[in-house]
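Here are a few exercises to work through with the sequence and the coordinates side by side. Try each task before you read its solution.

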Amino acid sequence: MVFNIDEIGDEGLNFKTRKRKEHFCIDQADCFLNKDVEIFGVLTRLNEEVFLTGRVNTVLGLNCSRCLEPFTHLVETKLKAHFVPLGDKSALAGEVELHAADIDTEFYENDRVDLTQSVRDGILLAVPVIFLCREDCNGLCSRCGVNLNQGSCSCAKEPPIDPRLEILKTLKEKFK
Ligand SMILES: [Zn+2]
Ligand SMILES: [Zn+2]
């Protein structure tokens, strides 16, 4: 995922690559890469500044926020990033600082641009805040824990028991 900026010609540098999922360290129990990552795009250069536009395709393994079942989530996301040389003290410095305030700006050293972080960020931004196995997931019964997508339980037929009411009932019977 490292490109030497000298490789980027006037017409830009088109690339298409596949990286092993281990490369991106997205491996939590409830959010992990389930497939190697395909990246394609174009790098362009304006003096020392490098621009990336492209796409990332992969598959994430997630656990449903409602029923907790594992499921896979297809990621097909856009990639956009901007790189400036680290510690550039040239006439561009003022402009570079300004660009550094953009969230998309990253730094590179020794004329080598590494896209790993941009790709990782792109994948993580594509993770939904609430992941559902399907839009109408019924979730788990809050009382007995049965997965309501797979079957029903009898809880809904009984009124919920409020522990305070139980105590009141016991007291009432005591003082009858
Ligand atoms: Zn679910
Ligand atoms: Zn139940």
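**Exercise 1. Place Leu 148 and work out its exposure class.**

Start with the location: Leu 148 sits in the loop between H2 and helix H3 (163-174). Keep in mind that this is a predicted model.

Next, count neighbours. Leu 148 has 17 C-beta neighbours inside 10 Å. Buried takes 20 or more, and exposed takes 12 or fewer. Leu 148 therefore comes out as partly exposed.

Now list who is there. Leaving aside neighbours within four places in sequence, the contacts of Leu 148 are Asn 138, Gly 139, Leu 140 and Cys 141. For Asn 138, the C-alpha distance to Leu 148 is 5.5 Å, with the two residues 10 apart along the chain.

**Exercise 2. Sketch the overall layout of the chain.**

Count the elements: the protein chain has three helices and nine strands. Then put them in sequence order, which gives β-β-β-β-β-β-β-α-β-β-α-α.

Now check burial and contacts. Of the 176 residues in the protein chain, 16% are buried. Take the contacts with a separation of 6 or more: 54% of them join residues 24 or more positions apart.

**Exercise 3. Find the pairing partners of S5 and describe the turn that follows this strand.**

Take S2 to begin with. Strand S2 (residues 13-19) runs antiparallel to S5, and seven bridges join them. One place to look is Asn 14, whose bridge partner in S5 is Val 42.

Then go to S6. S5 and S6 are antiparallel too, pairing over nine bridges. Here you can pick out Ile 39, which stands opposite Val 56 in S6.

Finally, the connection: S5 and S6 make a hairpin with two residues between them. Asn 47 is in that turn, with a positive phi of about 55°.

**Exercise 4. Leu 43 and Leu 46 are on one strand. Which is buried and which is exposed?**

Confirm the setting. Leu 43 is found in strand S5, and Leu 46 lies in S5 (residues 37-46) as well.

Count the C-beta atoms. Leu 43 has 22 others within 10 Å, so Leu 43 is buried. Leu 46 has 8 others within 10 Å, so Leu 46 is exposed.

Look at what surrounds Leu 43. Apart from residues up to four places away in sequence, Leu 43 touches Phe 3, Ile 8, Gly 12, Leu 13, Val 50 and Leu 52.

Compare two long-range distances, C-alpha to C-alpha. Leu 43 and Ile 5 are 38 residues apart in sequence and 9.1 Å apart in space. Leu 46 and Ile 8 are also 38 residues apart along the chain, and their separation is 9.9 Å.

**Exercise 5. Hunt for positive phi values outside glycine and classify the residues.**

One hit is Asn 47, with phi near 55°. Asn 47 lies in the loop between S5 and strand S6 (49-63). With 8 other C-beta atoms within 10 Å, Asn 47 is exposed.

Another hit is Asp 111, with phi near 65°. Asp 111 belongs to the loop between strand S8 (105-108) and strand S9 (112-114). The count for Asp 111 is 13 other C-beta atoms within 10 Å, so Asp 111 is partly exposed.

**Exercise 6. Which residues have the most contacts inside the largest nonpolar core, and how does H2 fit against the strands?**

Begin with the core. The largest one has 19 residues, and those with the most contacts inside it are Val 37, Leu 52, Val 56 and Val 119. At least two residues of this core come from each of S5, S6, strand S7 (70-85) and helix H2 (116-125).

Zoom in on Val 119. Not counting residues up to four places away in sequence, Val 119 touches Met 1, Phe 24, Val 37, Ile 39, Val 56 and Leu 79.

Now turn to the helix. The buried residues in H2 are Ser 118, Val 119, Gly 122 and Ile 123. Looking down the axis of H2, you find its buried residues within an arc of 135°, so they line one face of the helix. The face turned away from that buried side carries the exposed residues Gln 117 and Leu 125.

To finish, ask what covers the buried residues of H2. The cover includes S5, S6, S7 and S8.

Notes. Residues numbered from 1 in each chain as written. Chains lettered and ligands numbered in written order. Predicted model: local features only at pLDDT ≥ 70, side-chain atom pairs only at ≥ 80, totals over all residues. Helix = DSSP H or I, 4+ residues; strand = E, 2+ residues; numbered from the N terminus. Pairing = 2+ DSSP bridges. Core = buried A, V, L, I, M, F, W, Y, C linked by C-beta atoms within 7 Å. Contact = placed C-beta atoms within 7 Å. Arc of directions from axis to C-beta.
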